[in-house]
Amino acid sequence: MGRMRIGYGEDSHRLEAGRPLWLGGVRIESPHGPVAHSDGDALLHAVADALLSALALGDIGQLFPDTDPRWRGVDSTVILAEALRRVRAEGYRPRQVNAVVTLDRPKLTPHRERIQERLAHLLALSAGDVGLSFKTSEGLAPAHVQVRAVVLLEPLPQGPGGVWTA
Ligand SMILES: Nc1ccn([C@@H]2O[C@H](COP(=O)(O)O)[C@@H](O)[C@H]2O)c(=O)n1
Ligand SMILES: C[C@@]1(CO)OP(=O)(O)OP(=O)(O)OC[C@H]1O
């Protein structure tokens, strides 16, 4: 039975007026959104990198290069799903996720439950195992969204003959 693993991931994007803002797989009404090759979902990127980092599996930039036209505008739930697939292939699954989103505008508290439930669903967790904090940059970076995420992984349960289950 392997030990628990911890992973840390970060992501930043510059914000520009008129672009859609996605966070945690949820579209947020906003005057600005990330400049990115994908849909720019910084929360899903940070969590995906935290998942990969927990098992030293590289990072999303290696798996989804921003020079590859296949990933232009890609829905970042695809990126998260691939990180999760690689974690499970190593015999692990997420047990808990915490993330801090730093964003001056819009206010995210009204969307907390939606984001928490969506991210929990994407990771097969209960919402109570997805901790989200929202901070501003105190005006230091009004055109910047930054996310820092920590994940705790646990070994997949093993059935008869040591075969991973669940
Ligand atoms: N985009 C955001 C940022 C912050 N909040 C909430 O505001 C509180 C105060 O944030 P500070 O960075 O000024 O400490 C914070 O605790 C969040 O609850 C938000 O809803 N949306
Ligand atoms: C997500 C990818 C996809 O090409 O590009 P971006 O959308 O620019 O986002 P980033 O956080 O820079 O991660 C790198 C790439 O994997």
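A backbone N or O atom of Pro-106 lies 3.0 Å from a nitrogen atom of ligand 1, and this contact is a convenient place to enter the structure, which is a predicted model. Pro-106 itself belongs to the loop that runs between β5 (92-102) and α4 (112-122). The peptide bond that leads into Pro-106 from Arg-105 is cis, its omega being near 0 degrees. That deserves a remark, because most peptide bonds are trans.

Pro-106 has company around ligand 1. A backbone N or O atom of Leu-103 is found 2.8 Å from a nitrogen atom of the ligand, and a polar backbone atom of Leu-108 is likewise placed 2.8 Å from a nitrogen atom of ligand 1. Taken on its own, ligand 1 has 470 Å² of accessible area, and the protein covers 73% of it. The residues around this ligand are Leu-103, Pro-106, Lys-107, Leu-108, Thr-109 and Arg-112, together with Phe-134, Lys-135, Thr-136 and Glu-138. Sorted by class, this shell is made up of four nonpolar, two polar and four charged residues.

The second ligand has surroundings of its own. Ligand 2 sits in the largest pocket, with 13 residues around it, of which Asp-11, His-37, Ser-38, Ile-60 and Phe-64 come nearest. Two elements, β1 (5-17) and α2 (60-63), each contribute at least two residues to the shell around ligand 2, and the classes in that shell are six nonpolar, five polar and two charged residues.

Which atoms of the protein, side-chain or backbone, approach the oxygen atoms of ligand 2? For Asp-11 a polar side-chain atom is involved, lying 2.7 Å from an oxygen atom of the ligand. For His-37, by contrast, a backbone N or O atom lies 3.1 Å from an oxygen atom of ligand 2, and for Ile-60 a polar backbone atom is placed 3.2 Å from an oxygen atom of ligand 2. Of the 370 Å² that ligand 2 exposes when taken alone, the protein buries 86%.

One further backbone detail can be found by following the chain beyond α4. Ala-124, in the loop between α4 and β6 (130-135), has a phi near 55 degrees, a positive value in a residue other than glycine. It can be set beside a general tendency, since most residues other than glycine have a negative phi.

Finally, the view can be widened to the chain as a whole. An unreviewed UniProt entry places the feature "domain: 2-C-methyl-D-erythritol 2,4-cyclodiphosphate synthase" at residues 4-153. Over residues 4-153 the chain is 28% helix and 33% strand, and the C-alpha atoms at the two ends of this stretch are 6 Å apart.

Methods: Residues are numbered from 1 along each chain as its sequence is written. Chains are lettered from A and ligands numbered from 1 in the order in which they are written. This is a predicted model: local features need pLDDT of at least 70, side-chain atom pairs count only at pLDDT 80 or more; totals for chains, interfaces and linings use all residues. Side-chain values use heavy atoms; hydrogens and water are left out. A residue is near a molecule or strand if one of its heavy atoms lies within 4 Å of it. A polar contact is a pair of N or O atoms within 3.5 Å; within protein, one must be able to donate a hydrogen and the other to accept it, and residues adjacent in sequence count only if both atoms are side-chain atoms. Accessible areas come from the Shrake-Rupley method with a 1.4 Å probe; for residues, only the protein chains shown count as cover. Ala, Val, Leu, Ile, Met, Phe, Trp, Tyr, Cys and Pro count as nonpolar, Asp, Glu, Lys and Arg as charged, and the others, Gly among them, as polar. On a 1 Å grid over the protein atoms alone, a cavity is a set of points where a 1.4 Å probe fits but cannot get out, and a pocket is an open set with protein on both sides within 12 Å along at least five of seven lines; lining residues have an atom within 4 Å of a point. A molecule sits in a cavity or pocket if more than half of its atoms lie within 2 Å of its grid points. Helices (H or I, at least four residues) and strands (E, at least two) are DSSP runs, numbered from the N terminus. UniProt positions are given in the numbering used here, feature names are shortened, and annotations may be inferred rather than shown by experiment.
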